[in-house]
Each structure stands twice: as C-alpha cells, then as structure tokens.
There are 2 protein chains.
Amino acid sequence: MESPPEPDRAPLLRRQDTRLDSYVDRYAARTHGMTASAIRALFAVANRPEVVSLAGGMPNIADLPLDVVGSTLQDLVLGRGLQAMQYGSGQGEQEIREAICEVMRLEGISAHPDDVTVTVGSQQALDLVTRIFCDPGDVVLCEAPSYVGALGVFRSFQCDVAHVAMDEQGLVPEALREAVLALRAEGRKVKFVYTIPSFHNPAGVTQSLERREAILAVAEETDLLVIEDNPYGLLGFDADPIPAIRSLSDDRVVYLGTFSKTFAPGFRIGWVLAPHAVREKLVLAQESATLCPPTFSQFAITAYLRQHDWQGQIKVFAEMYRERRDAMLAGLAADMPEGVTWTVPAGGFYVWVTLPPGLDSQAMLPRAVTARVAYVPGTAFYADGFGSRHLRLSYCFPTPERIREGTRRLGEVLAHETELMSTFGTQVSAPRRPELPSHNAPGTNQA
Amino acid sequence: MESPPEPDRAPLLRRQDTRLDSYVDRYAARTHGMTASAIRALFAVANRPEVVSLAGGMPNIADLPLDVVGSTLQDLVLGRGLQAMQYGSGQGEQEIREAICEVMRLEGISAHPDDVTVTVGSQQALDLVTRIFCDPGDVVLCEAPSYVGALGVFRSFQCDVAHVAMDEQGLVPEALREAVLALRAEGRKVKFVYTIPSFHNPAGVTQSLERREAILAVAEETDLLVIEDNPYGLLGFDADPIPAIRSLSDDRVVYLGTFSKTFAPGFRIGWVLAPHAVREKLVLAQESATLCPPTFSQFAITAYLRQHDWQGQIKVFAEMYRERRDAMLAGLAADMPEGVTWTVPAGGFYVWVTLPPGLDSQAMLPRAVTARVAYVPGTAFYADGFGSRHLRLSYCFPTPERIREGTRRLGEVLAHETELMSTFGTQVSAPRRPELPSHNAPGTNQA
C-alpha cells in the first residue's frame, strides 16, 4: 500500500482552518446560496450544559418504552432481518405506507397507500417536493414567519420566497390571494404555498377549520398548489385534531408527515401524500436521491406501531409537552418586562415572542448566551431580513424547572436591554434591521 | 371530522390509471428528464419466482449472524437508545466517521473523521456531490459503460454525460485526456470524471495501481476533479485490495464508500470523503436534504463493527461471491454460443457480456424473460443510446445452481436469436440502435 502518512493534525485545529476554498470556482450556482443556518450555529452553543437552551426543536423522547423498542427490534432482526436489512422499494415499504394511512386518518385524511411516498424525515419530503416543482427563480409563498429548514431548501433550489401575513389563526387567506395576484401581475411563476396549519413552527398558532377552508378556497380560485406540512398535528393539548387541509381536497394539496415527533426522529422516516401523478415523480426523485429510504427504519417503525399502544404514547408525549408549555407561559407572564408579547400555542413545541420596538433579538443573542439562555432570533424564519423584533422559544426539550430558569434569565436580559434603550434612546450595538410594514406577524395575543 | 368518504378503488386499478398528468405544467425543467430506469422496471419482472434473475444488484446477506445483530440492537436501544433515536449531526456521528476511517484504511486511505460526511447510502453521496458541483449543462465524464444510478443522478441535475473509453484495465487515461481537451475546446464546462476503479459496475473490470496513477496524472495535468466510487473494493476474490485512487491524492479526489455491500444495504449508510472545503458544502447540502442521515442506522453499524468480526464477515461474503462468480463463468463457457464474449471479474457482482454484431440485448429481453431468465440490457449503462450489443449479468444473489440454470436459459435464447439472424440476416423485430465507434467498451477477454 502506497498511502501517504497519517497527517499530524488535531481536530480542533482543522475546525479553525481559515484558508480559502480552492474549489470555489467549481461549485454549482446553487451552492453559493448554501450557508450555515442560525439553528445549526446555535446547536453548538446550546449544547453547553450551563446554558438553558430554548432554541432547539429536539423532541423529548425520554418517555419511550426502551424495553419494548429493544425487544421489538431484536424480534424483527431474528424474524425478518434479511428483509429489513435489504434494499427496498423506492416508494417505501407497503406495510409502513398502510400504517401511515392509519396515522393520517386521525386528522381526517382518507388516503390510499399507493399515494404515499416514504422519505428520510419530512425534511427530505420538502427537498423532493421542491426538486420536482421548482426551477431557479420560481416563487414559493411562505408564511411570515416560516420554518427555517424549509426556507433553506427553497434557497438551495434557487427559489424566491415571498412571505404572506399571518394572524392569530395563521395564514391570512386575503393576503394569500393578494400575493398570488400581485406576483402573477409581475410575470412571476408562483409554484405553491407552503403552510404549517397546526401548532406552527415558529409562530405557535393554529388554523381553525374555517380558516383552512378559506385558504383552500383561495388556492382553488387562483389554481395554486398547497404544500401542507404537519409534523405536530397530533400533539395538541386541549381538543381533538382539526382536520388537515388535505382532508378537504384530494388533488389540490401535497401533504407532508413524519414520525419524528410522534415516535422518534433518529429513524428519519417521514412521508409525502400526493396526487397520483405527482407521487410518480416523487418516487423517481427518491430513487435518484437514495435508491430507497432506510428499509430497517421502516420495518422498525411498523413493528413498533403494531406492538405498542402508539396512540397512548402520543397522549403521554402531549401531556408532557403541555406541562412544559404551561411552565413557559407562566414564566413569560412572570418574567417578561412591559411591552413584550407572545403567542399561546395549543400544541406543538414553540412560542413566538415579539419585543418592544427598538430591540433586536439577533444583536441581543450574544448577551443572552452570556446570561446562559439561548433562543432562535426571528430573522432565521424570514427569507428577507425581517424578524429582528421576534424570537422563537421552544419548550419541548428542557424540564419545566429549567424552562422557568430560562425565562427568568431571558427576562433579566430583556429588562437590562429595555433599560439601556430608555437611557440611550436605542439598543446598544444593534444594527437597525428593516421592519417591513407588509408583514403582519402574529404576536399580539399576550397571555 | 369532515373528511371525504374512503374512495372506492382497488390498488390494481390505480396502478393502471392512464389519465393524463394534470400537474405537468407545474413541474421543474429537471423533472421532465426523470424517467423510470430500466433496472426499476426489471425488479418487478425479476421478482417472479420462476424467473432466474441475473439482473438485480442486491447483495446476498444471508450469511449475516442475525443473532449477533439482534442482540447488538437490543443492547443499543437499552443502553443508548435515547441518543440513537434522536436527531444527530448533519455530518454524521463522530463514532461512525472514526469507524469509516478504519474501513478506508484497508484500501490505503489515510483520512481524518472531520473530512467524512455520512450519507443515505452512496446513492445520496452521488446526489449531494452532483448537487454542489453541477449546474444544468455542465459535463460529467463517465466510463463507457457506467453505473445506471449515477447516470440517473447526473440526468436529474440536467448534466450532460460524456462517456470515456475503457479497456480490460478500466478507464483509459489517454481517452480521458482527449475527452477533457476536446470538450474544453468546445467551450464546455467539465465538472469531474466519475469512475468505479474496482470490480466495475457493470463492466466487471478493475484498474491496476499503474492505471490509477496514470488516471490521476491526467486529472492533475488537466485540473480535473475525480469522483471515485468504491462500493465493492473490499470484495475481491484473489488478492489484497489495490490502493484507492484517493490514497494517492488528498485534494484531487472525492471518494464515495458504503456499508451496503460489506454489511447490509437496509440501514442506508454510505459516505463521502472530501477535501475540507468541499466537505463543508456537503454538510450544508445534507442538512438541507435530510437535516441528518439516519442516526439509528449509524449507531447500529458502529455497534456491529465493534461487536462482530466484521473483517472476517467480509471474507465470508467474498468467498460466497467467488463461488457464484465461478458458477457464472463456468456456465458462460459451457452455454454461450460462438461469438459471445464476457469480462472476468476479480471481485464484486458483475459480468459484462458482448453479443455478436446484429443482436440487440434490449429487443431480446422480452424473449429472455419468456424463457425465464432476466438481465439488464447494456443500453441502461449509457447516456447516449449505445450499449445494445451488451448486457450485464449479476451473480451476487442467486445460488450457484440457479446461476447455472440462468446461463443455460440465456444460452438457449441466444442460440435461437443467432440462428434466426443467420437465416433472416438480421435479428427479428430488433430496431437497430447506434453502435458508435468512439466507444471502446471492454468485453473481448473471453474466459
């Protein structure tokens, strides 16, 4: 073997390597738009044990019955291991597609397993949907704010994102109609509207059934495709799930689901439910992307769903998240200074906070981390630089006690910032970011 | 719940649904190039039990110790389940990246775990590499023939593929130089050469160390990036592995590996080893594509590598494949009519067969399937319609007895075709396909 000697270099030195990228002239145009997301940079900070992270969106899976999962997987390997460890269908295995239809039925969706494509988490669902629909320069309509991971996908396919106003019931139908018509009047191709109807990430709001019907009516009127992303729909705290938009229309909606929040994210299994012709394109895209989604993960989830009271488990999760939501709302009510408002989520993981005019959540973040509390600045959830007066708090992962400690620390940071501002007239060292009046972000329903 | 009633439709009826695609005007330009691959269509046929399939590339994993794997996974869930089932790093877990460096060392590669990006099989490695490097209209150089799944990826990113001649030692360096210079003279952007140096799919040939050095020298001379795809390198039958091209150069080669053939494909874990700056782009692309590759699969493989004699297991696999290769070569020697030639693989899964002039492997396929034997027509491995005189036989999955039955049936089909041709002067019902003289495909070294 004529291999070069093992290089003498420490991992930490490599990470700080700042030499220029000698491959820069070789990349595709799309690659120049790929930048590290705010959430990614934050994960490194938030992992330090002394910091209360209200930043990440990791589900808390500590309540999973590890003994049940462990013996289920052992039985799976012994009984069907050669199938479960082999290549599978590009569309995903028949059995899990049938199980997925059972899951979707809980939100009013009647679907056929033939129309389901299994994906590597619903992130890959976003990737495949964008891949088949979007050329560079196409417009995607997103809520204001929208999921940071979706904005990254749209950017990576060189789409232009146009944000559409939300209110306390989520996406505003009239604003959607206006956006479509205005963009088309400019000659732009609007490919679809991307919406998270239940327990919105990051806004924490939920579309009522009437709102969903009104959004669908605008989509029909303007011949617009709806991408419905629903990772949290079964994690409601108070009532039965509101029927999915997909339950109201078979051919106008492409629906994305995932097991990441109702079971566990590490298996990386999500799905797309799409009209038949679209499904065929998705399967071709999936074969090109991965040959097939992880077979073992699909068998594992199918076996778990069969051998465990998975609906009862989801209720356990929801109750645990409700307690944490309550801790966060109590903490915010106790600790936030005058002028701060926030949304009250009825499920899911997130609260969306609005700061008083003049404060900048991104400029404030280093001071918050110094005070040992982390959040995601609102700008991460906009494609256009808006959002500096907002921030996202997540209550999914820390204990209620840690959440209370986190809001206490955040309250102190905000009180200090507000005091500085009232003394000096503006936030110290904060670059002023645009506050576009066209955005009507939710955040006025203070608890 | 106001969901529509369950539609009254049978799965089989849905599959035969031939209505027009009403979404066709909404797709991206790239989507119109996505078509079902020959291999995909064949899997349906080859799955019929009466057909001897020499078509598929499924590894035979029956020798895996299911008891060991089963108890390893149970222990994993009980001991580290909450980590293994959680979101992980977009780059992949540190522990498996260290293990991957150990695996690559067997082929002479010295690498740092920081420079490894974990992917959803090496198919996704191809997807991510093409995504970061290739704009529509860029040229990718591929061997003639090349891996059908790679050609699909390049097509899906709207690249143009230019094939480069091979001989019995694989890719011909002088042909590579000529192709680069000729394309650049035409003003084309050549992004990289894609090569499978060991036990080529589909050609069955292997580059000697001298050949690898010569290819690398051309790449240096022409400032060309090399994508080295090496799924089969450890599955050699006779000698130690030949050092990878990557072992000869750190910064000129992007290396793709996978556990699909040395352990099991169902976990869908492959990897890219890339220069540091390229690795950073790959991680951003991976985060956009999936957030992170399957965490559970990564923990499972790491645990398997630690708790089992995985190198001994690879030797068991290689010995099993050697027996099957021998069965196929004996069958071909006994059953092929005059004028048929084939390559003699020293490892891997595939034999590349060349038919006498006038025969068309694609036109012949329905008759072969009627005779209960399946193969992949050579045209699947070319982007330009070439390959009709070739076909790929795989010996990886069927038993030696089935392989002998398969070559017997194929021999009868070919004898009948040859007889018809000598009677009527041309193959019955065969459309003549172009046989471009520029392609110098291997296939003259009859055993």
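In which sense, and over how many bridges, do S2(A) and strand S10 (residues 270-273) of chain A pair? In this predicted model, the two strands run antiparallel to one another and are joined over four bridges. Within this pairing, A:Val118 has A:Trp271 of S10(A) as its bridge partner.

Both strands belong to an open sheet of chain A, in which seven strands follow one another in the order S2-S10-S9-S8-S7-S3-S4 with mixed pairing. The sheet is bounded by strand S2 (116-119) and strand S4 (160-164) of chain A, each of which pairs on one side only and is therefore an edge strand. Between neighbouring strands of this sheet the average turn, with direction ignored, is 20°.

Helices of chain A pack against this sheet. Helix H4 (residues 94-105) of chain A lies across S2, strand S9 (253-258) and S10 of chain A, and its course makes an angle of about 105° with S2(A). Helix H7 (residues 173-185) of chain A, in turn, touches strand S3 (139-143), S4 and strand S7 (190-195) of chain A, with a direction at about 160° to that of S3(A).

The contact between the two chains was examined next. It involves 108 residues of chain A and 109 residues of chain B. Together the chains bury about 9,300 Å², of which 56% falls on carbon and sulfur atoms. On the side of chain A, the residues that lose the most area to chain B are A:Arg26, A:Met85 and A:Tyr87, which together account for 8% of what that side buries.

Polar and charged interactions also cross the interface. Between chain A and chain B, 40 residue pairs are in polar contact, counting pairs in which both residues are at pLDDT 80 or more, and four salt bridges are found across the interface. In one salt bridge, the side chain of A:Arg131 meets that of B:Asp127, with an N to O distance of 2.8 Å.

The elements of chain A that give two or more residues to the side touching chain B are helix H1 (11-15), helix H3 (66-84), helix H5 (121-133), helix H6 (148-156), helix H8 (209-221), helix H9 (276-290) and helix H10 (295-307). The largest share, twelve residues, is provided by H3(A). When the residues on the side of chain A that touches chain B are sorted by class, 56 are nonpolar, 24 are polar and 28 are charged.

Notes: Residues are numbered from 1 along each chain as its sequence is written. Chains are lettered from A and ligands numbered from 1 in the order in which they are written. This is a predicted model: local features need pLDDT of at least 70, side-chain atom pairs count only at pLDDT 80 or more; totals for chains, interfaces and linings use all residues. Side-chain values use heavy atoms; hydrogens and water are left out. Contact means heavy atoms within 4.5 Å. Buried area is the accessible area (1.4 Å probe) that two parts lose on being put together, summed over both. A polar contact is a pair of N or O atoms within 3.5 Å; within protein, one must be able to donate a hydrogen and the other to accept it, and residues adjacent in sequence count only if both atoms are side-chain atoms. Ala, Val, Leu, Ile, Met, Phe, Trp, Tyr, Cys and Pro count as nonpolar, Asp, Glu, Lys and Arg as charged, and the others, Gly among them, as polar. Axes are lines fitted to C-alpha atoms, for helices over the stretch in contact, and angles run from 0 to 180 degrees between N-to-C directions.
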